[in-house]
Structure formats: C-alpha cells, structure tokens
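Biologist: I have a structure open here and would like to talk through how its strands, helices and rings are arranged. Could you put it up so that we are looking at one picture?

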Amino acid sequence: MIRSHRARGVQLISLITVLVAVVCVLLAGCGVARSQSSATGKLRVAVSINQWSSIARDIGGDHVELTTILTNPNVDAHGFEPQVADVAALDTADIEMVNGAGYDEWATRSVRKSGEILVSAAQSAGVHVGQNPHLWFNAHARTMMARDYTAALTRLRPSARQYFDRRYHQWLVREQKLENRMNALRRATEAGSQPDYVATEAVAWYLARDIGLHDITPTGYTQAIQNDSEPAPSDLASFRHLLASHRARLMILNTQEENSMTRSLEAAAQQSRTPIIRLTESMPPRYSDLLTWMNSLVTQFEDAVKS
Ligand SMILES: [Zn+2]
C-alpha cells in the first residue's frame with residue numbers, strides 16, 4: 001500500500017525522539033556514541049527496511065556495522081512503528097539508508113547528527129511521494145541507490161575508496177546480469193500477444209513494467225487499495241471479469257496483505273486458470289540478498305508468461 005504514516009505513529013516517534021534526546025543530555029554519553037564510527041572502528045549504517053540491507057552489506061563489506069530496523073516480513077511495512085532502540089540506531093548512524101517516497105517516513109524523520117549522510121532510494125532515483133514507492137523492484141532505483149551509497153561510504157572513509165569501488169562494481173555486474181534477463185523476457189513478452197496483468201496490490205509494478213507487462217487492474221480498485229479503503233463492488237466485478245474473460249494473462253498477489261477479498265480474487269484466478277505470481281513487499285528470509293530474490297521473481301514471471 002502507498003498510504004503514508006499514521007498520525008498516531010508520528011506522535012509516538014516525536015515523543016520517543018524527545019525522550020532519547022533528554023536521556024542523551026542527562027547522561028552526556030551520546031557524544032561518545034555519535035563519533036564517526038563504532039567502537040570496532042566500523043562505519044555505522046542503519047537501514048530502514050530489509051529490502052535495502054543486502055546492498056549496504058555487499059558494498060560496505062568489512063567496513064560497516066549494519067543495523068536493519070524492519071526485518072519481519074509479516075509486519076505491515078506501511079504502518080510500522082519503530083521502538084526506542086530503532087530510533088536510537090537511526091539517530092547514531094553514520095549513514096542512514098532509507099527507501100523514501102513516503103514509504104518509511106518514520107526513518108526519514110529521525111534526528112540527524114552533523115556529518116551523518118542520508119541515502120534515499122527515492123531521492124537517488126528522482127521518485128516523489130505519491131508515486132509508487134516499492135523502489136527495490138525498480139532496476140534504475142537499485143543502481144542509483146548503490147551508486148549514492150558507495151559515494152557516501154567513500155566520503156566518510158576515503159582510505160577505503162578502492163575497496164568500495166571494487167565491491168560496487170561486483171554488485172553492478174550482478175545487477176546487469178539480472179537486467180539482461182529482464183530485457184530478454186521483455187522482448188519475449190512484447191513478441192507474444194496480450195502482455196496484460198492484474199494485481200491485488202501495485203507492489204511489483206516496476207518489475208512488471210520493466211519486463212514488458214501492462215497493468216490493467218481497474219484504476220478504482222488500485223486507488224482504493226492505495227488509500228487503504230474498500231474497493232467498490234463494480235471495481236471488484238471488473239477485476240473478476242478480467243480474470244474470467246482471460247483478458248489478464250497473469251495475476252500478481254501480494255501475500256503479505258492477504259484478506260478475504262484477496263483470497264476470493266485468488267480463487268477467481270484459479271478458476272480461470274490464470275497463472276498467479278505470489279510475492280511479498282519485504283524480502284523473504286530464505287533469500288540471501290535483493291538480487292537473488294529479484295532473479296527468483298524473474299524466473300516466476302518467465303514461467304507464467306510462457307505458460
Ligand atoms: Zn506496499
């Protein structure tokens with residue numbers, strides 16, 4: 001869902017932020033904690049959501065100490081409320097890596113110490129609030145994020161420039177391989193007839209677009225889901241008709257946001273024998289990194305498009 005933070009969450013975060021600040025002043029110990037690096041001499045990198053953690057690790061390597069705030073794929077990322085320790089991790093980081101575009105506003109609002117660098121996928125890719133925020137599915141955003149993160153690491157630790165550059169290029173080779181697969185699939189998709197799909201939620205929208213698929217989900221349905229409201233019966237009927245009439249070649253199902261409505265759409269897809277791509281917003285724990293996950297999704301799409 002694209003809905004932004006909840007007001008209650010913001011109030012809570014503000015309160016926590018104030019409390020942390022007061023405790024810091026009382027203990028006068030935060031000056032030490034806020035030095036340029038951790039006790040181990042590593043740069044502290046705080047990542048808001050697990051989708052971006054592997055890039056932070058793959059490029060930062062031994063020079064970073066990584067903290068990921070939201071790692072549980074069963075937690076609704078949009079309505080997440082960080083704990084005191086989460087806020088502290090964000091506030092004391094040397095580099096804060098966030099998604100942006102309203103997706104993780106609780107992270108972008110943290111108090112930043114001087115010299116701390118914010119790397120935001122939305123800023124790097126030029127995506128704004130109101131546009132689809134699921135940027136880890138977006139090849140351009142991934143590459144821009146990796147580039148800006150590498151620049152941030154190099155700025156804070158210029159002596160390790162070659163180390164970061166090498167790891168960035170190793171990462172880039174893997175990203176390129178993934179994009180080559182996506183481009184090949186796009187050619188196959190576009191050569192075939194009817195590259196249309198419907199989605200219970202516009203999570204993998206960028207990925208589907210990049211492999212040549214068209215989203216024909218009823219606009220009213222998509223907007224209702226984005227606004228966290230009930231789709232109108234007429235939009236649900238249109239959705240079902242697209243499946244029953246085989247207008248939609250496949251259906252994307254966000255299993256992280258399942259409810260009786262998505263289950264009935266899933267049943268409708270099964271009845272019309274429409275292939276279903278099941279995915280989540282957060283990176284499932286069985287994948288070691290973002291690109292492995294994306295490659296496995298591309299395989300799923302390849303199978304669905306060929307069937
Ligand atoms: Zn979402």
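Biologist: Which residue in E6 is the bridge partner of Tyr-197?

Modeller: Bearing in mind that this is a predicted model, the bridge partner of Tyr-197 in E6 is Asp-215. Strand E5, which covers residues 196-199, runs parallel to E6 and is joined to E6 by two bridges.

Biologist: And what is the strand order in the sheet with E5 and E6?

Modeller: The order is E6-E5-E7-E8, in an open sheet of four strands with parallel pairing. Strand E6 (214-215) and strand E8 (276-279) each have a single partner strand and stand at the edges, so one side of each is left without a neighbour in the sheet.

Biologist: Which strands does helix H11 lie across?

Modeller: Helix H11, made of residues 233-244, lies across E5 and strand E7 (250-254), and its direction is at about 140° to E5.

Biologist: Let's move to the sheet with E1. What is the strand order there?

Modeller: That one is also an open sheet of four strands with parallel pairing, and its order is E2-E1-E3-E4. Strand E2 (64-70) and strand E4 (117-120) are the edge strands, each pairing on one side only. On average, and with direction ignored, neighbouring strands of this sheet are turned by 20° against each other.

Biologist: How many bridges are there between E1 and E3?

Modeller: There are three bridges, over which strand E1 (residues 43-49) and strand E3 (residues 95-98) pair in the parallel sense. Within this pairing, Val-47 stands opposite Met-97 in E3.

Biologist: Which strands do helices H7 and H4 meet?

Modeller: Helix H7 (residues 139-156) packs on the sheet and touches E1, E2, E3 and E4, with its direction making about 170° with that of E4. Helix H4 (residues 84-92) lies across E1, E2 and E3, and runs at about 140° to E2.

Biologist: Changing topic, how many aromatic pairs are there?

Modeller: The count comes to seven aromatic pairs. In one of them, the rings of Tyr-163 and Phe-164 have centres 5.7 Å apart and planes at 75°, so the pair is edge-to-face, a class that needs planes over 60 degrees apart.

Biologist: Are those two residues buried or exposed?

Modeller: Both Tyr-163 and Phe-164 are buried.

Biologist: And which residues do ring pairs link into a cluster?

Modeller: The cluster linked by ring pairs consists of Tyr-103, Trp-136, Phe-137 and Trp-293.

How values were computed: Residues numbered from 1 in each chain as written. Predicted model: local features only at pLDDT ≥ 70, side-chain atom pairs only at ≥ 80, totals over all residues. Heavy atoms only, no water. Pairing = 2+ DSSP bridges. Axes fitted to C-alpha atoms, helices over the stretch in contact; angles between N-to-C directions. Contact = heavy atoms within 4.5 Å. Phe/Tyr/Trp six-rings, centres within 6.5 Å; stacked < 30°, edge-to-face > 60°. Buried < 20%, exposed > 50% of the residue type's maximum accessible area, 1.4 Å probe, protein only.
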